[in-house]
2 protein chains.
Amino acid sequence: MADRKQSPNPCDRISSEGPMVREVLDRVGDKWSLLIIGTLQRGPRRFGELHQAVEGISQRMLTLNLRHLERDGLVTRSAYAEVPPRVEYELTRLGETLLEPVLALAAWVSENHSAIEANRKAFDAR
Amino acid sequence: MADRKQSPNPCDRISSEGPMVREVLDRVGDKWSLLIIGTLQRGPRRFGELHQAVEGISQRMLTLNLRHLERDGLVTRSAYAEVPPRVEYELTRLGETLLEPVLALAAWVSENHSAIEANRKAFDAR
DNA sequence: CTGAATCCTAGCAGATACTG
DNA sequence: CAGTATCTGCTAGGATTCAG
């Protein structure tokens, strides 16, 4: 008991800053944001390009997600007063830095997804 | 166009392995799993301890999440035939390795959450 | 104590149609 | 082209109750 009470290890971040971690995870962890960010990583993209690149996303969801990302300062939105209208979305510096830990997670998945699938199979076999 | 077609940069993982990344994110990104994992990081915990530690979680959700984590091989469940019954949950080796990239993400949040909040405030001010 | 089963609800995602 | 508006269905998740 006593040895568990106040260990000052880095993992406390998960619980102590839990709410904030969750907030960011709510953004990064939802169905589409990551795919959008991944697409934008290669440079600015127009709304239509994103709609095409992020397969299966509805217009509505794309709009909403972009708003959220914009609100958090992860993405910028630039509308050009032309005809036809053109709007470009681009990762901010902040958005780019986020990519790093996210890629670390993606790397972990790459290494371990087969193990996970095996575990699931074994588990379901019962 | 051409310069964007096949860049072999590491970020392709997000799109190319998108489904798998998403699968893991569905696990790690949901409302409770991370808090559970964070709690278990300090050692094995009983059901009741988890229920208490992970504030606000319902019995149902705790059970479901633990099942999922168990299925993925991130957590082990050990039931002891005693009275009253005792069940202990513990991170597996796989679960521990997951902690590393997750903590990287948590660290990013620590560094940037204030920036994000500022962005949100500025955005909402309109 | 641990957890399964049921019921119930809010909120979110998809489809569709419309607009500047 | 880049959205907005509306409607609807679904399901994640909370509360409660029962059981081994």
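A residue counts as near a strand if one of its heavy atoms lies within 4 Å of that strand. The exercises below apply this cut-off to a predicted model.

**Exercise 1.** Determine which element gives the most to the surface near DNA strand C.

*Solution.* Begin with the residues: 18 of them surround DNA strand C, the closest being Lys31(A), Phe47(B), Gly48(B), Arg77(B) and Tyr89(B). Of the strand atoms that come within 4 Å of the protein, 65% belong to sugar and phosphate. Next, list the elements that each supply at least two residues: α6 (59–71) of chain A, and α5 (47–53), α6 (59–71) and β3 (86–91) of chain B. Among these, α6(B) gives the most, with 4 residues. Finally, sort the surface by residue class, which yields 8 nonpolar, 4 polar and 6 charged residues.

**Exercise 2.** Identify which parts of DNA strand C lie close to polar side-chain atoms of Lys31(A), Tyr89(B) and Arg60(A).

*Solution.* Take the phosphates first. A phosphate oxygen of the strand is 2.7 Å from a polar side-chain atom of Lys31(A), and for Tyr89(B) the corresponding distance to a phosphate oxygen is 2.8 Å. Then turn to the bases: the side chain of Arg60(A) places an N or O atom 3.2 Å from a base nitrogen. Each of these pairs can be checked against the 3.5 Å limit for a polar contact.

**Exercise 3.** State where the charged end of Arg86(A) sits, and examine Arg86(B) likewise.

*Solution.* In chain A, the charged end of Arg86(A) sits over the ring of Tyr80(A), 4.0 Å from the ring centre. In chain B, Arg86(B) lies over the face of Tyr80(B), also at 4.0 Å from the ring centre. A search for aromatic pairs over all chains, by contrast, finds 0.

Key
Residues numbered from 1 in each chain as written. Chains lettered and ligands numbered in written order. Predicted model: local features only at pLDDT ≥ 70, side-chain atom pairs only at ≥ 80, totals over all residues. Heavy atoms only, no water. Phe/Tyr/Trp six-rings, centres within 6.5 Å; stacked < 30°, edge-to-face > 60°. Lys NZ or Arg CZ within 6 Å of the ring centre and 35° of its normal. Polar contact = N/O pair within 3.5 Å; in protein donor to acceptor, adjacent residues only side chain to side chain. Nonpolar A, V, L, I, M, F, W, Y, C, P; charged D, E, K, R; others polar.
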